[in-house]
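Student: Can we go through this one together, step by step? I'd like to ask as we go.

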Amino acid sequence: MTKSKLNLDKDKIAKARELSKQITAPVQKYIEKHTTVAIERTTLRMMGADGVDSIGVPIPNMVVDQIGDHICYGSAKYYINALLKKGLTPEELNIEIANGLDIAKIDFVDFSYIEEKAQELVGTFAAKVKANVAYRAEKVTRYKEKENAPLLYLIVATGNIYEDVKQAQAAAKQGADIIAVIRTTGQSLLDFVPFGPTTEGFGGTYATQENFKIMRKALDETGEEIGKYIRLVNYCSGLCMPEIAVMGALERLDMMLNDSMYGILFRDINMYRTFVDQKFSRMINSFAGIVINSGEDNYLTTSDAVEKAYTVTASQFINERFAYESGLPAKLMGLGHAFEMNPDIKNGFLLEMAQAQMAHEIFPEAPLKYMPPTKYMTGDIFKGLAMNTLFNFIAKSTNQGILLLGMLTEAIHTPFMQDRFLGVANAKYVLNNMADFSDDIEFKKDGIMQTRAKVVLDETIEFLEEINKTDLFNAIETKMFAEVSRPKNGGKGLSGVAEKAKDYYNPFYTYLENELNIVKKGN
Amino acid sequence: MMIRPYGDTLNDGAVQMSFTLPVAHSAKADEAAIIFGKKLGFKEVEVVHSNPLSDEFTFFVVYGKTEISIDYDKVVVEEVEKSLDFYGVNNFIKENIKRKIVVVGACSGTDAHTVGIDAIMNMKGFDQHYGLERYPMIEAFNLGAQVTNEDLIKKAVALKADAILISQIVTQKDVHIQNLTEFIELLEAEGLRSKMVVCAGGPRIGNKLALELGYDAGFGRGTYPENVASFIVEKMHERGVK
């Protein structure tokens, strides 16, 4: 780790971590006692449930509907029982279910057979994901020197997966290390995952397993051609957090947007549902070696970057704690923040640099994800380019891990191909010209930046203390985050949460808990 | 007065352009960019920079001079009614209404499709346009789907709503017309109609239909949250709401 520039008080950082632990503890207890329709659908997918019926309903959704209230016992035993009773493979069973077989109505075999079969299915799933992890590790190691630091992240969003492929391959050739495929508007509010390749979307492309596969293949091809491992990103957020995570694990995605509270605050998804779902989702990400990206940048599109900087830092601490509780190591935590200072503020650059440096010093192992200016981008593309240069400057000089490239035409239209090129060219200029800048400078003692970081850390602790006093559920209800109130029983998806029965059975959840060394809170 | 673009000398007609052509980077590609510039009507076309974007695309920075000029005296601008943006709406409320306003929205009747009301109200909004929940000067309550007209009115009264938004996606057998009509009748029966700005929205709902049904406005396809917010605050101001 590089030497501290901000001279932050280590005891205060430890205190903030302790508070986050206390804040998330009651939530963890709730999580442990509950399952959701999304978790059960995920478990089914892990066993091989996939496909759709004649009207497009996904098999995992059909099975969960068949099981109904009995999801409190877990979906695994129903699906495994059907496999055994019918003597079918998952592929064959999926076809039977699509044709109308109700697996909830089949008499149960002796439970020992189910457990035995479960071990086999867990083994098959784990082997697939482990092979993906090994493949990625090999490629990343081999092509290490071609990577930019920070990794350059570009977005494509045409709505048509085949068009996305062309743009993504071009972006990779221009120098991007990471390609994200933005999802179509509103997908996060669907309580199912669409199926197959898709060519229509609004403002983005559906996240489907087939689309993941198509893009993965295309980026692997381009990667081999240019001698680089191109990372692929998609989004877990929404009502299908764990389901999309498992699709990402199977299709070797490398990063996934996965925030513990984003769905609640910005999508009005029920808080209980989100908390229960995010844990399993992050467990899967962790097992698959997928870097999560948290969504703190969203706070600053609502609130002022100077006044509310502490909400970003507080959310980073909370996201970190939830991530640890899901067995996710620090090196997979792409905690987020954004360059959203009003460009008219005197010394705004210094305040921003203090914030970015502080994030790096508090979370030294985390590949922090830094988001470009959006709020204050206008149609003045020339000023936009200048702002992006300052943004790149801070990203490099504070050792951010993931640099989401700014587009000079932000706020005008979805990027033209040349806009991405100009974004990459700008970043590469800064990254190369300032390669060792960070190592070569120190911050002035008690100067503007040190003072700013100290103030924000103090405000963060104060805020975390307030949350801890009332508890996280109440804090969200009483507008303490993002200036929006989300009632405990409001929002979407609460009906999909169920208290686990005493003999709830989920061999995949248990397997991941063991693999990831997750310690339960107990009731 | 005849005018044309100004580079460094009056009437030189200098214009800078940048664009991408779907061809590989080569001398031929540069020449193609020059020819394209000339076809646009420019003289002295110069490619000052070109760069490959991929094997199949090249980016150009091009300068040209135009001989086209326009008569500035004959330029007429039509005063278009412009919707306020996110900041404009919030400032308008601060300056004119001087308190936060309350907006209640729902997908009412039997309609279960919240995509429209979510696009307008959710924090995230859509297509980079923030939803009403994100407006600091608006208290937005999205009641979700299948809210009965009675419940919607009850909730609106309890929350002291300044405006009600009703989204109707399903329009089979004109179910939306019956539902929208019933709502307005109920609201009038309660004596609340004049106290609230009431808007309807949906892919098949236009302003004309909404006005006919007794609503203050209707918003169809392509509406952004700020269009709705803008209408509400200006209507409230027009009615002298404080």
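Student: Into which domains is chain A divided?

Tutor: Sure, and keep in mind that this is a predicted model, where local features need pLDDT of at least 70 and side-chain atom pairs count only at pLDDT 80 or more, while totals for chains, interfaces and linings use all residues. Residues are numbered from 1 along each chain as its sequence is written, and chains are lettered from A and ligands numbered from 1 in the order in which they are written. Domain bounds come from an automatic or database domain assignment. For chain A that gives domain 1 (35-123) and domain 2 (143-449).

Student: How far apart are the C-alpha centres of those two domains of chain A?

Tutor: Take the centre of domain 1 of chain A and the centre of domain 2 of chain A, each over C-alpha atoms. The distance between them is 35 Å.

Student: And which helix gives the most to the side of domain 1 of chain A that touches domain 2 of chain A?

Tutor: Two residues are in contact if their C-beta atoms, placed from the backbone, lie within 7 Å. The contact takes 12 residues from domain 1 of chain A and 13 residues from domain 2 of chain A. Helices (H or I, at least four residues) and strands (E, at least two) are DSSP runs, numbered from the N terminus. With six residues, the top giver on the domain 1 side is helix α2 (residues 37-47) of chain A.

Student: By class, what is on that side of domain 1 of chain A?

Tutor: Ala, Val, Leu, Ile, Met, Phe, Trp, Tyr, Cys and Pro count as nonpolar, Asp, Glu, Lys and Arg as charged, and the others, Gly among them, as polar. Sorted that way, the side of domain 1 of chain A that touches domain 2 of chain A has five nonpolar, five polar and two charged residues.

Student: How do α1(A) and α13(A) lie to each other, and why?

Tutor: The axes of helix α1 (residues 10-33) and helix α13 (residues 309-325) of chain A come within 9 Å and cross at roughly 55 degrees. Axes are lines fitted to C-alpha atoms, for helices over the stretch in contact, and angles run from 0 to 180 degrees between N-to-C directions. Angles under 35 degrees count as roughly parallel, over 145 as roughly antiparallel, 65 to 115 as roughly perpendicular and the rest as oblique. So α1(A) is, relative to α13(A), oblique.

Student: By class, which residues has the contact of α1(A) with α13(A)?

Tutor: On α1(A), the residues making the contact include A:Arg17 and A:Ile23, and on α13(A) they include A:Phe317 and A:Glu320. By class, the contact has five nonpolar, three polar and five charged residues.

Student: On to the chains touching. Which strand gives the most to the side of chain B that touches chain A?

Tutor: The contact takes 18 residues from chain B and 18 residues from chain A. On the chain B side, β2 (14-21), β3 (42-54), β4 (57-66) and α3 (115-121) each supply at least two residues. The one that gives the most, with three residues, is β3(B).

Student: Which are the edge strands in the sheet β2-β4-β3 of chain B?

Tutor: Two strands pair if DSSP finds at least two bridges between them. This open sheet has three strands, and the pairing is antiparallel; eight bridges join β2(B) to β4(B). Helix α1 (residues 27-39) of chain B lies across the three strands, at about 140 degrees to β3(B). The strands that pair on one side only are β2 and β3 of chain B.

Student: In the five-stranded sheet of chain B, why is one side of β7 and of β10 left without a neighbour?

Tutor: The order is β7-β6-β8-β9-β10 in an open sheet, and the pairing is parallel. Seven bridges join strand β6 (residues 101-108) of chain B to β7(B). Because β7 (138-147) and β10 (217-219) of chain B stand at the edges, each has a single partner strand.

Student: Last one: how do α2(B) and α7(B) lie to each other?

Tutor: The axes of helix α2 (residues 86-97) of chain B and α7(B) come within 9 Å and cross at roughly 15 degrees. Their contact has eight nonpolar, three polar and one charged residues. From that angle, α2(B) and α7(B) are therefore roughly parallel.
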